[in-house]
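Please open the model in your viewer and keep the sequence panel beside it, so that each selection can be made by residue number. The stops below can be taken in order.

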Amino acid sequence: MGAHCDAICIEQKGKTMEREQIAAILIEANERGRIAAAESEQQMIQVQDQDGRVFDPFPICGFASVRVKGLRGKALEEFKRRGFEKSYGGGQSLWVSDYNQSYDLKSAYARAYANKLKEHGFNAWYESRLD
């Protein structure tokens, strides 16, 4: 970092990033996630009860999150400003609360978001599970 950095700078994987750069990456990751969710096809299920009544199809249900490890200082603060919280497994986690209970849409969003972070050198991945 050194004396030449008047702005708030953050060291990430050997690269110096300013706080504004991290904010821009997080905004773009969110946009990529939203696009991926919009382009995703939902797997639908249809149920029938013991009386033979058939119900309207609905998307499979599940959960997804974006995980990141290795954040410190101002980088950690910026991620927290964007909704990341401490994760029980270590690091930080962004819980995907949009898209109702759709496993496919939540997973698509989280995957695209994590991939964007990885492109910029962050130790990021996504997790998802069916309900």
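The tour goes from the whole chain to its helix contacts, then to a pocket, and ends at two single residues.

**The whole chain**

Begin with everything selected and coloured by secondary structure, bearing in mind that this is a predicted model. Three helices and eight strands make up the secondary structure of the protein, and, followed along the sequence, they appear in the pattern β-β-α-β-β-β-α-β-β-α-β. If you then colour by accessibility, 37% of the 131 residues in the protein come out as buried. Of the contacts between residues at least 6 apart in sequence, 61% join residues that are at least 24 apart.

**Helix α1 against α3**

Next, select residues 19–39, which form helix α1, together with residues 103–119, which form α3. The two helices pack at an angle of about 145°, their axes being 7 Å apart, and α1 passes α3 in a right-handed crossing. To see the contact itself, show side chains on α1 for a set of residues including Ile25, Ala29, Arg32 and Ala36, and on α3 for a set including Leu105, Ala108, Ala112 and Lys116. Counted by class, the residues of this contact divide into eleven nonpolar, two polar and five charged.

**Helix α1 against α2**

Keep α1 on display and replace α3 with helix α2, residues 73–81. Here the packing angle is about 35°, with the axes 10 Å apart, and this crossing, too, is right-handed. On the α1 side the contact is made by Arg19, Ile22, Ala23 and Leu26, while α2 contributes Lys74, Ala75, Glu77, Glu78, Phe79 and Arg81. The residues of the contact of α1 with α2 comprise five nonpolar, no polar and five charged.

**The largest pocket**

Which residues should be selected to centre the view on the largest pocket? Take Asn30, Arg34, Arg82, Leu94 and Tyr109, which lie nearest its centre among the 13 residues that line it. The space in this largest pocket amounts to about 190 Å³. The elements that give two or more residues to its lining are α1, β7 and α3, and the largest share, four residues, comes from α1. Colouring the lining by class gives eight nonpolar, two polar and three charged residues. Two of the residues nearest the centre, Asn30 and Tyr109, also belong to the contact between α1 and α3, which links this stop with the earlier helix pair.

**Serine 102**

Now move to serine 102, which is placed in the loop between β7 (92–95) and α3 (103–119). Is this residue buried or exposed? Serine 102 counts as buried because its relative accessible area is 4%, which falls under the 20% cut-off. Add Gln42, Pro59 and Ile60 to the selection, since these are the residues that serine 102 touches once those up to four places away in sequence are set aside.

**Proline 57**

Finish with proline 57, in the loop between β3 (44–45) and β4 (58–59). Its relative accessible area is 44%, so proline 57 is classed as partly exposed, a class that lies between the 20% and 50% cut-offs. Leaving out neighbours within four places in sequence, you will find proline 57 in contact with Met44, Ile45 and Gln46. A distance label between the C-alpha atoms of proline 57 and valine 47, which are ten residues apart along the chain, should read 7.3 Å.

Note on methods: Residues numbered from 1 in each chain as written. Predicted model: local features only at pLDDT ≥ 70, side-chain atom pairs only at ≥ 80, totals over all residues. Heavy atoms only, no water. Buried < 20%, exposed > 50% of the residue type's maximum accessible area, 1.4 Å probe, protein only. Contact = heavy atoms within 4.5 Å. Axes fitted to C-alpha atoms, helices over the stretch in contact; angles between N-to-C directions. Left-handed = near helix turned anticlockwise from the far one by under 90°. Nonpolar A, V, L, I, M, F, W, Y, C, P; charged D, E, K, R; others polar. 1 Å grid on protein atoms, 1.4 Å probe; cavity = no way out; pocket = protein on both sides within 12 Å on 5 of 7 lines; lining within 4 Å. Points joined across faces, edges and corners; volume = space filled by probe spheres on them.
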